[in-house]
Structures are given as C-alpha cells and as structure tokens.
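Hi everyone, thanks for making time for this one. I'd like to walk you through a few cysteines and one of their neighbours along the chain, so let's bring the structure up.

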Amino acid sequence: QVQLVESGGGLVQPGGSLRLSCAASGFTLDDYAIGWFRQAPGKEREGIACISSSVVDSYHADSVKGRFTISRDNAKNTAYLQMDSLRPEDTAVYYCAADYNKGIGGCVVYAPRYHYWGQGTQVNVSS
C-alpha cells in the first residue's frame, strides 16, 4: 500500500520550533521530488518548500525562507521540514507530497504535479 505519513505537528508557542517528518511506505522516494504544502482555515493551499530527488535542488517560499528548511534522507525513505521561529500565521494543516520526476530532476511547488499525498498534520502556533 502506497502511503505518505506526516508526523511531528502540534501546538507550539510563537518563536518555537517543530520538525515535521514525512515517511513513505509502499514505494521508494529516490525518484520523487518532495513538496511540503500547507492550508490554513479559509485560505488556499500554499506550496512552501520542495526538494529534488538528488537533494541538489530545493526551494522555499518567501513566507518561510530563512525559518523553514526542507531536507530528506533517502536511506530512511523520509523527508523533513524543520520549522523555526514559528509565527501564529504558520498555523495550518501541513501536507507532504511526492512528485515522480525521474530523469527530470529539480522540484516545483505546483500541486497538480504531485502523485502521492499524506493525510496532513496540524500545526498550531499560539501563546
């Protein structure tokens, strides 16, 4: 069964940190770019970061640049999103997704490209 499972969400105070994990099962992430998206209540889904299968390329949206860092460990079939200096406006459901792009490389935070999606993990930033 092909699955992506996010974990690591929760409640954190402003200025705090969380690390989200995205574990794949039923397939290997080696040929997939990984993207992180988030959706806050009443807002559209936002692509915030992605990383290529080779780890060479990554992208962070302006809204999170300098605070969030995407990474991956192909040996563990897992990707991560380190979130530091969290703000109340970061409150959202966070989703990871996998884009099969073998032979293409790179990554883009364009949701229709992504083949597999996790169920999401809630992040709440509040004092």
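I'll talk about the disulfides and then about a valine.

Please keep in mind that this is a predicted model. How many disulfides does the count come to? With sulfur atoms within 2.5 Å as the cut-off, the count is two.

Let's take the pair of Cys22 and Cys96. Their sulfur atoms sit 2.1 Å apart, and the two residues form a disulfide. The link is right-handed, with 70° about the S-S bond. Where do the two partners lie? Cys22 belongs to strand β3, residues 18–25, while Cys96 is in strand β9, so this bond ties together parts that are 74 residues apart in sequence. And are these cysteines buried or exposed? Cys22 has a relative accessible area of 0%, so we call Cys22 buried. Cys96 is buried too, with a relative accessible area of 0%.

Now the other one, which joins Cys50 to Cys107 with an S to S distance of 2.2 Å. Here the link is right-handed, again with 70° about the S-S bond. This pair also links distant parts of the chain: Cys50 is in strand β5, residues 46–51, and Cys107 is in the loop between β9 and β10, with their positions 57 residues apart in sequence. Cys50 is buried at a relative accessible area of 0%. For Cys107 the value is 18%, and because buried means under 20%, Cys107 counts as buried as well.

If you like to think in connectivity, number the bonded cysteines along the chain, and the disulfides follow the pattern 1-3, 2-4.

Let me go back to strand β9 for my last residue. Val93 is found in this strand, which covers residues 92–100. Is Val93 buried, partly exposed or exposed? Val93 has a relative accessible area of 22%, so the label is partly exposed.

Which residues does Val93 touch, leaving out those up to four places away in sequence? There are Phe37, Arg38 and Gln39, and there are also Gly120, Thr121 and Gln122. Have a look at Gln119 while you are there: Val93 and Gln119 are 26 residues apart in sequence, and their C-alpha atoms are 9.3 Å apart in space.

So, to recap in one line: two disulfides, in the pattern 1-3, 2-4, and a partly exposed Val93 in strand β9. Thanks for listening, and I'm happy to rotate the model for anyone who wants another view.

Notes: Residues are numbered from 1 along each chain as its sequence is written. This is a predicted model: local features need pLDDT of at least 70, side-chain atom pairs count only at pLDDT 80 or more; totals for chains, interfaces and linings use all residues. Side-chain values use heavy atoms; hydrogens and water are left out. Helices (H or I, at least four residues) and strands (E, at least two) are DSSP runs, numbered from the N terminus. Buried means under 20% relative accessible area, exposed over 50%, partly exposed in between (1.4 Å probe, protein chains only). Contact means heavy atoms within 4.5 Å.
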